[in-house]
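Colleague: I should be grateful for a close look at one helix and at how it sits among its surroundings. Please also describe the strands and ring pairs that help to place it.

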Amino acid sequence: MTTKGQRPPAAFLVFEGLDGSGKSTLIRKLSDELTSRGRGFRLTREPGGTPLAEDIRRLLLRTDAEAPVAATELLLYAASRAQHVANVIKPTLEAGEWILCDRFIASSVAFQCFARGLPRKDVDWLNTFACQGAKPDLTILLDLTVEQSRKRQERRQGAGQQPDDPKGDRMERESIAFHENVRRGYLEQAKEDPKAWLVLDANQTPDEMKARVLTELEARGWLVS
């Protein structure tokens, strides 16, 4: 815990969930809160976060060319992550600023292990190698059903909010069964290490979820109420 008068340490927060769960909105609201409290932070995402990692992101999510096989997909995510950790995440934390990251290692486990069927030991080893000691302080899961996720994406597409790819990227186009396994993968990881996860009901309003996260951060001594 942080003692009175001591500045809380930089925190590495990761946001996970199915598409349409509200990660972007929650991240934006927390960004505004940190700004109002005078805390330095950096917003980033995976895959991506650096110019090279963003190039890899385009390879991974494109729908108009050869799709990577499962092993290639895992390796590309790991390559993007290694670049991201070395050039963004570690330097930012060492400078005393927070990281708010949209997806990280839990996504690799959920997508490539639970949904693609790759061995957990291989996924975990690659995550460890790519992260070189970097580890989230808290992973925040915005949980909702696949049916709810699909409905939200359809509304977003109908509103013209995805003009570049109205049918979704390669991952978004996967089957319902695939995304059911992704959700199961997230929930299983949260059960494995409950102290490192905060699971939110994504049917709550953005303000309700923000309030719950702030309560958690204050309880952990990372923010002063």
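Modeller: The account below begins with helix α5 and then turns to the neighbouring strands, the core and the aromatic pairs. Please bear in mind that this is a predicted model.

Helix α5 covers residues 120-131, twelve in number. From its first C-alpha to its last it reaches 16 Å, close to the 16 Å expected at 1.5 Å a residue. Its buried residues are Val123, Leu126, Asn127, Ala130 and Cys131. Viewed down the axis of α5, these buried residues fall within an arc of 125°, so they line one face of the helix. The spacing follows a general rule: an α-helix has 3.6 residues a turn, so residues three or four places apart point the same way. The buried residues of α5 pack against α3 (70-94) and α4 (105-115). On the face turned away from the buried side, α5 carries the exposed residues Lys121, Trp125, Thr128 and Phe129. Just after the helix, Gln132 adopts a positive phi of about 45°.

Further along the chain lies strand β4, residues 138-143, and six of its six residues are buried. Leu138, Ile140 and Leu142 point one way from β4, while Thr139, Leu141 and Asp143 point the other way. Strand β1 (residues 12-17) pairs with β4 in the parallel sense over five bridges, and Gly17 stands opposite Leu142. Strand β5 (residues 197-201) likewise pairs with β4 in the parallel sense over five bridges, with Val199 as the bridge partner of Leu141.

Ile140 also belongs to the largest nonpolar core, which has 40 residues; Leu26, Trp98 and Ile140 have the most contacts inside it. A second, separate core of ten residues includes Cys131, one of the buried residues of α5, together with Val14, Ile99 and Ala134.

Three aromatic pairs are found in the whole structure. One of them, formed by Phe12 and Phe104, is edge-to-face, at 5.1 Å centre to centre and 70° between the planes. Phe12 lies in strand β1 and Phe104 in the loop between β3 (98-102) and α4, so this pair ties together parts that are 92 residues apart in sequence. Phe12 counts as buried at 0% relative accessibility, and Phe104 counts as buried at 1%. The ring centres of Phe111 and Phe178 are 6.0 Å apart with their planes at 55°, so that pair is tilted. The tilted pair links Phe111 in helix α4 with Phe178 in helix α7 (residues 176-192), 67 residues apart.

Technical notes
Residues are numbered from 1 along each chain as its sequence is written. This is a predicted model: local features need pLDDT of at least 70, side-chain atom pairs count only at pLDDT 80 or more; totals for chains, interfaces and linings use all residues. Side-chain values use heavy atoms; hydrogens and water are left out. A nonpolar core is a set of buried Ala, Val, Leu, Ile, Met, Phe, Trp, Tyr and Cys residues joined through side-chain atoms within 4.5 Å. Buried means under 20% relative accessible area, exposed over 50%, partly exposed in between (1.4 Å probe, protein chains only). Helices (H or I, at least four residues) and strands (E, at least two) are DSSP runs, numbered from the N terminus. The expected span of a helix is 1.5 Å times one less than its number of residues. The arc is that of the directions from the helix axis to the C-beta atoms. Contact means heavy atoms within 4.5 Å. Two strands pair if DSSP finds at least two bridges between them. Rings of Phe, Tyr and Trp (its six-membered ring) pair if their centres lie within 6.5 Å; planes under 30 degrees apart count as stacked, over 60 as edge-to-face and the rest as tilted.
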